[in-house]
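Work through the following exercises with the coordinates at hand. Each one sets a task and then solves it step by step.

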Amino acid sequence: LPVINVSDRNMDFVFELEDNSLLHLEFQTTWKKADLLRFAQYDIALYQKERRKINTVVIYSGKYESAENELDMGSNKYKVLQVFMIKYDGIKRYKEIKGKIEKGEPLTDKDLMDLVFLPLMRNEKSEEEVTKEALELAIEIPDENKKEAVIGSLLGFSDNYVREEYLNKLKEVIRMTKIGAS
């Protein structure tokens with residue numbers, strides 16, 4: 001999916017969908033009521049520029065079970081869809097995906113997507129540690145196109161929840177692989 005370039009560099013991701021609408025994704029490792037206002041401001045600016053329907057989805061890390069999803073400003077109401085990653089067992093999914101890779105079994109699209117979102121799922125380890133493990137697992141994917149897509153997505157998304165110095169360490173891990181050499 002093509003990514004729309006929006007002048008506000010604080011918006012996480014915007015994708016153009018098949019129906020010509022836009023999907024605005026936000027990754028949150030914290031929650032504040034002011035975040036809803038910020039997302040609404042992003043969407044208004046985006047709508048002003050693109051004049052298309054926008055669906056905003058906020059993906060919360062495995063620390064949150066609930067958060068407000070609606071901002072009532074009187075005659076204007078703003079509502080986001082929410083995904084709470086705490087509902088997904090990251091430890092179990094990691095083991096399942098690792099087992100498939102070790103046995104040479106093909107990974108489904110769901111497996112690939114789960115691998116990308118593994119760092120945000122419920123887990124006993126930090127998001128940074130799980131990102132590193134997911135990256136190391138992704139490097140073992142035999143299909144080069146799938147491997148590159150997962151690694152690129154992991155790095156792109158992790159920029160929202162991994163400290164910069166740790167992100168540089170992850171990039172170094174990739175540089176030592178065939179992908180980093182190309």
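A search of the whole structure finds 16 salt bridges, a salt bridge being a side-chain nitrogen of Lys or Arg within 4 Å of a carboxyl oxygen of Asp or Glu. The model is predicted, so that local features need pLDDT of at least 70 and side-chain atom pairs count only at pLDDT 80 or more, while totals for chains, interfaces and linings use all residues. Residues are numbered from 1 along each chain as its sequence is written, and side-chain values use heavy atoms, with hydrogens and water left out.

**Exercise 1.** Determine which parts of the chain are tied together by the salt bridge of lysine 63 and glutamate 127.

*Solution.* Begin with the distance: the closest N and O atoms of lysine 63 and glutamate 127 are 3.9 Å apart. Next, place the partners: lysine 63 lies in the loop between S3 and strand S4 (70-72) and glutamate 127 in helix H4, so the pair ties together parts that are 64 residues apart in sequence; helices (H or I, at least four residues) and strands (E, at least two) are DSSP runs, numbered from the N terminus. Finally, consider burial, where buried means under 20% relative accessible area, exposed over 50% and partly exposed in between (1.4 Å probe, protein chains only). Lysine 63 is exposed at 55%, whereas glutamate 127 is buried at 14%.

**Exercise 2.** Describe how aspartate 111 is paired and where its partner lies.

*Solution.* First, the side chains of aspartate 111 and lysine 100 form a salt bridge with an N to O distance of 2.6 Å. Lysine 100 belongs to helix H2 and aspartate 111 to helix H3, so this pair links parts that are eleven residues apart in sequence. Then check burial: aspartate 111 has a relative accessible area of 4% and is buried. Lastly, widen the view to the salt-bridge network, which links Arg93, Glu96, Lys100, Lys110, Asp111 and Asp114.

**Exercise 3.** Establish what surrounds glutamate 26, given that this residue is buried yet has no salt bridge.

*Solution.* Start from its place, which is in strand S2. The nearest side chain of opposite charge (Lys and Arg counting as positive, Asp and Glu as negative, with His and the chain ends not counted) is that of arginine 38, 4.1 Å away. Contacts, meaning heavy atoms within 4.5 Å, outside its neighbours within four places in sequence include Asn10, Tyr42 and Val57.
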